[in-house]
Structure formats: C-alpha cells, structure tokens
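Work through these exercises with the sequence and the model side by side. Try each task before reading its solution.

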Amino acid sequence: MVPKCGECQAPMRPHSLFFDEPYTESFYRKDTVLRFVEQADCLLVVGAAVSTDLTKRIVCSFLDRELPVFEFNLESVIN
C-alpha cells in the first residue's frame, strides 16, 4: 500500500527528482547549491550519472573554470 499525505491525502512518493521535473529551491535547494558551486575550489562526483541539467551545469562550471573535478564512478561519465 502506498502511503498518503496526511494533509491532502495524495499518494506520497520518495523524495527524488523525476527526469521531467525541474530542480527548485524549496525541495532541492537549487539556488543554495549554485552559490556553493561559485565558492568551491574543487568538485567530487561520487556515484552520479551526471544526466540531469543541474549536474551537467555544475560539472561544466568547474571544467570551464579549469578547477579540479574528481570522479568516483565505476565507469567514467565525465568527458
């Protein structure tokens, strides 16, 4: 049985992003993450497919600024 929301009784789903959904500040802290990206001096990519727009944008930001990107995946996804 799928749990329902206590307020609206809609079926609940895991806190995850589906491919047709945008990242938002309220659910995913998108703007907060992008501020961290601007201040960071390296990036660790761990177990990520880099298949959504935001993850690609973050990786490209580091590569464009020629900052270190360390990838920890079974198969490389960053070219």
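**Exercise 1. Surface**

How much area does the protein expose, and what share of it do carbon and sulfur atoms supply?

Solution. Keep in mind that this is a predicted model. Start with the total: the protein exposes about 6500 Å². Then split by atom type: carbon and sulfur atoms supply 59% of that area. Now turn to burial. Of the 79 residues, 15% count as buried.

**Exercise 2. Fold and overall shape**

List the elements from the N terminus on, then decide whether the protein is as compact as a globule or more spread out.

Solution. Count first. The protein has three helices and two strands. Next, put them in order: from the N terminus on they run α-α-β-α-β. Now compare sizes. The radius of gyration is 16 Å, and the globule rule gives 12 Å for 79 residues. The value is well over the rule, so the protein is more spread out than a compact globule. Check the box as well. Along the principal axes, the C-alpha atoms fill roughly 50 × 30 × 20 Å. Last, look at contacts between residues at least 6 apart in sequence: 49% of them join residues at least 24 apart.

**Exercise 3. Charges**

Find how far apart the mean positions of the positive and negative charges are.

Solution. Count each sign. There are 8 positive and 12 negative charges. Then take the mean position of each set. The two means are 7 Å apart.

**Exercise 4. Thr 52**

Locate Thr 52, classify its exposure and name its contacts.

Solution. Place Thr 52 first: it sits in the loop between strand 1 (43-46) and helix 3 (53-64). Then classify. Its relative accessible area is 18%. Buried means under 20%, so Thr 52 is buried. Now list the partners, leaving out residues up to four places away in sequence. Thr 52 touches Phe 19 and Tyr 23. One of these contacts has a polar part: the side chains of Thr 52 and Tyr 23 are joined by a polar contact of 3.3 Å.

**Exercise 5. Two positive phi angles**

Gln 9 and Arg 29 have positive phi values. Where does each residue lie, and is each buried or exposed, or in between?

Solution. Begin with the background. Most residues other than glycine have a negative phi. Gln 9 has a phi near 65 degrees. Gln 9 is in the segment before helix 1 (25-28). Its relative accessible area is 46%, so Gln 9 is partly exposed. A polar atom of its side chain lies 3.5 Å from the backbone oxygen of Gly 6. Now take Arg 29. Its phi is about 55 degrees. Arg 29 lies in the loop between helix 1 and helix 2 (30-39). At 46% relative accessibility, Arg 29 also counts as partly exposed.

**Exercise 6. Pro 3**

Describe the surroundings of Pro 3 and its distance to Arg 13.

Solution. Pro 3 is in the segment before helix 1. Check exposure: exposed means over 50%, and Pro 3 has 52%, so Pro 3 counts as exposed. Leave out residues up to four places away in sequence. Pro 3 then touches Ala 10, Pro 11 and Met 12. Finally, compare sequence with space. Pro 3 and Arg 13 are 10 residues apart in sequence, and their C-alpha atoms are 8.2 Å apart.

Note on methods. Residues are numbered from 1 along each chain as its sequence is written. This is a predicted model: local features need pLDDT of at least 70, side-chain atom pairs count only at pLDDT 80 or more; totals for chains, interfaces and linings use all residues. Side-chain values use heavy atoms; hydrogens and water are left out. Helices (H or I, at least four residues) and strands (E, at least two) are DSSP runs, numbered from the N terminus. The radius of gyration is taken over C-alpha atoms; the globule rule is 2.2 Å times the number of residues to the power 0.38. Buried means under 20% relative accessible area, exposed over 50%, partly exposed in between (1.4 Å probe, protein chains only). Contact means heavy atoms within 4.5 Å. Accessible areas come from the Shrake-Rupley method with a 1.4 Å probe; for residues, only the protein chains shown count as cover. Lys and Arg count as positive and Asp and Glu as negative; His and the chain ends are not counted. The place of a charge is taken as NZ of Lys, CZ of Arg, CG of Asp or CD of Glu. A polar contact is a pair of N or O atoms within 3.5 Å; within protein, one must be able to donate a hydrogen and the other to accept it, and residues adjacent in sequence count only if both atoms are side-chain atoms.
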